[in-house]
Amino acid sequence: MSPRRFTVLIIPEGSHRVRRFNFKRSALYAVAAIAALFTIGVSFLTYDYLRNDLDRSELNRLKAENRSQQKELHRLAAVLHDMRQEMVVLAQNDAKVRVLAKLSKPKSDGLTGMGGPVEGRAAESFSSLQREIDELRQAIDLRRESQEEIQGFLNDQKSLLAARPKGWPVRGWITSNFGMRRSPFTGQRVMHEGIDIAASTGTPIHASADGIVIRAETAPGYGKLVVIDHGYGYKTYYAHASRIFVKVGQRVRRGERIAAVGSTGISTGPHLHYEVRLNGVPVNPRKYF
Ligand SMILES: [Zn+2]
């Protein structure tokens, strides 16, 4: 059996007075319990304090990270803004070129007139950046389409210019114009579907535009005849030649020698009968000189 009461004696050094304390056992238990609770309390507070301290430093770190991300977001927004401005300038140039080329107005890309100073806009967010990127991408697609269209137009123009008859096919002088005239053979009024250019036999005849030889033969009335198809509805006829230097299917360039002046077929003397036909209809070749 443990005792019910305790006595603690305290004997200070160099003194004769002895202090005596009497405890009940229950009191001793109470003291022990209080000490234990106190220890637990202090431990808990210490733990809590340390944990809060960790949280605080994590919070500071996250705040700093957030600030730098916000800065980066603003920087990207500014870059995007510059790109958008450049795109607007490109779109304006594109529109000018289209006007020059007489092409239809380009589709609106919604970029022009937008933008404005980057500081004045609502706080940038990833979703607004994404929207701007999408708009830019759409604008780039439209510009590309437009550029391809312009390029196609210019290529067509270039081919058309090369295909359109231009200049004199032979050095000489005009002895008969295009239009109604009295036939030198029958005396009746007939349509003269070309012009006659007099030159001495053997004078070189040149193609008046790029094209493909579709006839190189002797034809009734025409005598030795060369016909060139230039595309775009244009064909040219060179008649009464003394010699032919090209073959059917041959590709010729403007200025290339194709035949020599003669007086074959129905002719009163050496000359070139030159016709320009547009979509099968004879037109006045002088319009193409
Ligand atoms: Zn003629």
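Along the chain, the zinc donors in this predicted model are spaced as H-x3-D-x76-H. Put names to that pattern and the ion is held by His192 through NE2, Asp196 through OD and His273 through ND1, at 1.9 to 2.2 Å. Asp196 sits in strand β6 and His273 in strand β14, so this pair ties together parts that are 77 residues apart in sequence. Asp196 comes out at 7% relative accessibility, under the 20% cut-off, so Asp196 counts as buried. His273, at 8%, counts as buried too.

The two strands that carry these donors turn up again in the packing. The largest nonpolar core has 22 residues, and those with the most contacts inside it are Val170, Ile205, Val226, Ile228, Tyr238, Val252 and Ile258. Elements giving two or more residues to this core are β6 (195–198), β9 (223–231), β10 (234–241), β13 (257–260) and β14 (271–278). A second core stands separate from it, with seven residues, among them Leu73, Ala77, Leu80 and Met87.

Back in the 22-residue core, what does Ile258 touch, leaving aside residues up to four places away in sequence? The list runs to Ile205, His206, Ala207, Val226, Ile228, Tyr238, Ile244, Phe245, Val246 and Val252.

As for the strands, an open sheet of three is laid out in the order β7-β13-β11, with antiparallel pairing. β7 (204–206) and β11 (243–244) are the edge strands, each pairing on one side only. Between β11 and β13 the antiparallel pairing spans two bridges, and Arg243 stands opposite Ala260 of β13.

Definitions and conventions:
Residues are numbered from 1 along each chain as its sequence is written. This is a predicted model: local features need pLDDT of at least 70, side-chain atom pairs count only at pLDDT 80 or more; totals for chains, interfaces and linings use all residues. Side-chain values use heavy atoms; hydrogens and water are left out. A nonpolar core is a set of buried Ala, Val, Leu, Ile, Met, Phe, Trp, Tyr and Cys residues joined through side-chain atoms within 4.5 Å. Buried means under 20% relative accessible area, exposed over 50%, partly exposed in between (1.4 Å probe, protein chains only). Helices (H or I, at least four residues) and strands (E, at least two) are DSSP runs, numbered from the N terminus. Contact means heavy atoms within 4.5 Å. Two strands pair if DSSP finds at least two bridges between them. Donors are N, O and S atoms within 2.8 Å of the metal (3.2 Å for Na, K and Ca); water is not among the atoms, so sites may look incomplete.
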